[in-house]
Amino acid sequence: PYKGLCPFHGEKTPSFVVTPARQTYKCFGCGKGGDVFSFVMDRDGVSFPDALRSLAAKAGVEIDERTRRDDARRARLREVLETAIAFYHTVLTASKAGRPALDYLRGRGFTDETISRFQLGWAPAGWDQLSRLLQAKRQIRPEELGEVGLATPRQSGRGGFYDRFRSRIIFPIRDANGGPTGLGGRILSTPEDGRDHGPKYLNTPATPLFDKSRTLYLIDRAKAPIRKGGQAVLVEGYTDALMVHQAGFDNVVASLGTALTPGQVALLTRYAKRIALAYDVDPAGQSAGTFGVTELNALIGEVQAGDSGVGLTDVGVVRLPEGKDPDEVIRDAPEVWRSATERPAPVLGYPIDHHASRGATP
């Protein structure tokens, strides 16, 4: 790696590191980092398409018109998504409609700084509040919201679109460079009106920006700490990941569900080879909603078959107190979380240890 003075902030001691093997840069003073594209964007204050054209010209690469159109389209979709994220955040923090959700988040232990930093939001009730407001105020067409997975065409003969996320807490999802790709939505509580309000958690569907199988929540915040510490810790949900980050353990990402895909493993192993699973693990597979023996075997097979450089000795299971979620452990005993993640149980021996600790025969 090469080291020098950071071009983004004044310093006398070099803290700006360029790693040619990874084609990345990182300043350990101001925190800026990324690839050659984000470097030009930050240095020159230009958009991605402009940075792409500038670098292509330096490299003698000709960009065809189709590539230009695709890049411009993706940039527009990110702009649409950022605008929606800002709308949902404003509803949560500055409206009467968002007050119950804000009280709920505060009651769960989230600080206002965390709510602001991670741009949590609230999708109001109503079939098309997002669509109508953004069309009127920001000239964003419902069809564009449909392209990023925030609106769905009506099935009735009336045509038009309705909002995909309604009466849900909103968790913005970003790629490794911090660009928005999608949203996660959680119902505030289990309704007692007997109606079907959809699943507890709802993600953006597959779009030109969002592929759930290649996405990890908070990877943009966690990638530098993961690389620095050499270990990534995975939890299942948004709230677990946020609570752990709020407590200062920022090498944590969420896999948006219990299944860990090859694409997610590949994304993680760009930054570290050691992976610790802080899931609700039940090797017997007898508890609903847990990461059971089938999932463990699938993960073991995936690691063995992969070419990521991750071996079975690099994958461990975080042993938390019985019945405790990561956010509960963080709130009650942060030192327990630190110890458990620093010394995870080997994934191969975990089923045996699990049964032995219960006095059972595996």
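A residue counts as buried when its relative accessible area is under 20%. By that cut-off, 44% of the 362 residues of this protein are buried. Keep in mind on this tour that the model is predicted.

**Stop 1: the whole chain**

Start with the cartoon view, where you will find 14 helices and 15 strands. Then colour by pLDDT: the mean for the protein is 84, and 82% of its residues reach 70 or more. Which elements sit at the two ends of the confidence scale? Select strand E5 (residues 121-123) for the highest mean pLDDT, 98, and helix H14 (residues 350-357) for the lowest, 57. Where pLDDT is low, the predicted coordinates should not be read in detail. If you like to draw contacts, consider those with a sequence separation of 6 or more: 58% of them join residues 24 or more positions apart.

**Stop 2: helices H1 and H2**

Now select residues 36-44, helix H1, together with residues 48-59, helix H2. Their axes are 9 Å apart and meet at an angle of about 110°. Because angles of 65 to 115 degrees count as roughly perpendicular, H1 is described as roughly perpendicular to H2. The crossing of H1 past H2 is right-handed. Show side chains to see who makes the contact: Val36, Phe37, Val40 and Met41 come from H1, while Phe48, Ala51, Leu52 and Leu55 come from H2. Sorted by class, this contact has 8 nonpolar residues, with no polar and no charged ones.

**Stop 3: helix H9 and His245**

Move on to helix H9, residues 238-246. How many residues of H9 are buried? The count is 8 of 9, so the helix is mostly covered, given that buried means under 20% relative accessible area. Select Tyr238, Thr239, Asp240, Ala241, Leu242, Met243, Val244 and His245 to display the buried set.

Zoom in on His245 next. His245 has a relative accessible area of 5% and is therefore buried. Leaving aside neighbours within four places in sequence, His245 is in contact with Phe118, Leu218, Arg221, Ala222, Asp250 and Val252. Just after H9, pause at Gly248, where phi is positive, at about 100°.

**Stop 4: Tyr271**

Keep Ala222 on screen and add Tyr271: the two are 49 residues apart in sequence, and their C-alpha atoms are 9.5 Å apart in space. Tyr271 belongs to the loop between helix H10 (262-268) and strand E13 (274-277). Is this loop residue buried or exposed? Tyr271 is buried, because its relative accessible area is 9%. To see what Tyr271 touches, not counting residues up to four places away in sequence, select Ala176, Ile219, Lys223, Ile226 and Arg227.

**Stop 5: two positive phi values in loops**

Finish with a pair of backbone details. Select Gln139, in the loop between helix H6 (129-138) and helix H7 (142-147). Phi of Gln139 is near 55°, a positive value in a residue other than glycine. With 57% relative accessibility, Gln139 counts as exposed.

Then go to Ser167, in the loop between strand E7 (161-163) and strand E8 (168-174). Ser167 is not a glycine either, and its phi is also positive, near 55°. As for its surroundings, Ser167 is partly exposed, with a relative accessible area of 30%.

Key. Residues are numbered from 1 along each chain as its sequence is written. This is a predicted model: local features need pLDDT of at least 70, side-chain atom pairs count only at pLDDT 80 or more; totals for chains, interfaces and linings use all residues. Side-chain values use heavy atoms; hydrogens and water are left out. Helices (H or I, at least four residues) and strands (E, at least two) are DSSP runs, numbered from the N terminus. Buried means under 20% relative accessible area, exposed over 50%, partly exposed in between (1.4 Å probe, protein chains only). Contact means heavy atoms within 4.5 Å. Axes are lines fitted to C-alpha atoms, for helices over the stretch in contact, and angles run from 0 to 180 degrees between N-to-C directions. Angles under 35 degrees count as roughly parallel, over 145 as roughly antiparallel, 65 to 115 as roughly perpendicular and the rest as oblique. A crossing is left-handed if the near helix is turned anticlockwise from the far one by less than a right angle, and right-handed if clockwise. Ala, Val, Leu, Ile, Met, Phe, Trp, Tyr, Cys and Pro count as nonpolar, Asp, Glu, Lys and Arg as charged, and the others, Gly among them, as polar. pLDDT is the predictor's confidence in each residue, from 0 to 100.
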